[in-house]
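Thanks for passing this one along. Here are my notes, in numbered points, for you to read with the model open beside you.

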Amino acid sequence: MKKTVSIIMSFVAIVFGVVFAVSGIKTISEKDLYDTQIKATVVDVQEEWESSADPDEPDRLVNTAYIDYEVNGKKYEHVLAPEQDDDLKIGDTVDILVQSKNPEKISALNPTKGGVIFIVLGVLVAIAGCVSVIKAFIGKRQ
């Protein structure tokens, strides 16, 4: 039973790895759609305590920023900021990218960075899943 759970979890890791990698590739392929840089205003910062998974690490306060911006006279209000920074305060302005044909789609100034992170993370998780599957099958045969 333990080996079956291990194999299932390995396949789940492979699937998640592939999903992460494809998401990263999609992000990079769509980076040219974000063709307009604008300024947005931070209108809300919500604070929440995040518990650490490691008992030796302290809990920490996490800030989540929301922005308002305007494109072609249409206002977009209380939108989750594409990049979070603990130093953001209400009234701060941030630069963001929007798609001129679809202005509700926003991105941080460097969408490629997030795409690369997702690709690398996805490949690593998928490889770990593959290695785990191989080990499980080799262990099953012995």
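Which residues form a nonpolar patch on the surface? Point 1 takes this up, and please keep in mind throughout that the model is predicted.

1. The nonpolar patch. The residues to pick out are V5, I8, M9, V12 and F16, which together have about 450 Å² of accessible area. Take I8 as an example: this residue sits in helix α1. Its relative accessibility is 49%, and exposed means over 50%, so I8 counts as partly exposed.

2. The largest pocket. Its volume comes to about 310 Å³. There are 16 lining residues, and those closest to the centre are T27, S107, A108, P111 and G114. Three elements each give two or more residues to this lining: α1 (2-29), β5 (102-107) and α2 (111-141). The largest share is from α2, with 4 residues. By character, the lining splits into 6 nonpolar, 5 polar and 5 charged residues.

3. Salt bridges around the end of α1. Across the whole structure, the search gives 5 salt bridges. One of them joins the side chains of K26 and E30, at 3.2 Å from N to O. Both partners are partly exposed: K26 has a relative accessible area of 46%, while E30 is at 24%. Another links D32 with K31, where the closest N and O atoms are 3.4 Å apart. Here D32 counts as exposed because its relative accessibility is 61%, whereas K31, at 31%, is partly exposed.

4. A salt bridge between separate parts of the chain. D86 and R60 meet through their side chains, with an N to O distance of 3.9 Å. D86 belongs to the loop between β3 (74-80) and β4 (93-99), and R60 to strand β2 (residues 60-71), so this pair ties together parts 26 residues apart in sequence. For D86 the relative accessible area is 38%, which makes the residue partly exposed; R60 is partly exposed too, at 42%. The pair also belongs to a wider arrangement, as E50, R60 and D86 are linked in a network of salt bridges.

5. Two backbone angles to look at. Most residues other than glycine have a negative phi. Against that background, which value does phi of N72 take? It is near 50°, a positive value. N72 lies in the loop between β2 and β3, and its relative accessibility of 75% means that the residue counts as exposed. H78 also has a positive phi, near 50°, and is not a glycine. This residue, however, is placed in strand β3. With a relative accessible area of 41%, H78 is partly exposed.

6. A pair of residues separated in sequence. How far apart in space are T36 and K101, C-alpha to C-alpha? The distance is 9.8 Å, although 65 residues separate them in sequence. T36 is found in strand β1 (residues 34-50). Its relative accessible area is 26%, and buried means under 20%, so T36 is partly exposed.

Note on methods
Residues numbered from 1 in each chain as written. Predicted model: local features only at pLDDT ≥ 70, side-chain atom pairs only at ≥ 80, totals over all residues. Heavy atoms only, no water. 1 Å grid on protein atoms, 1.4 Å probe; cavity = no way out; pocket = protein on both sides within 12 Å on 5 of 7 lines; lining within 4 Å. Points joined across faces, edges and corners; volume = space filled by probe spheres on them. Nonpolar A, V, L, I, M, F, W, Y, C, P; charged D, E, K, R; others polar. Patch = residues over 30% accessible without salt bridge, like charges linked within 9 Å, V, L, I, M, F, W, Y side chains within 5 Å. Areas by Shrake-Rupley, 256 points an atom, 1.4 Å probe, with all protein chains shown as cover. Salt bridge = Lys/Arg side-chain N within 4 Å of Asp/Glu carboxyl O. Buried < 20%, exposed > 50% of the residue type's maximum accessible area, 1.4 Å probe, protein only.
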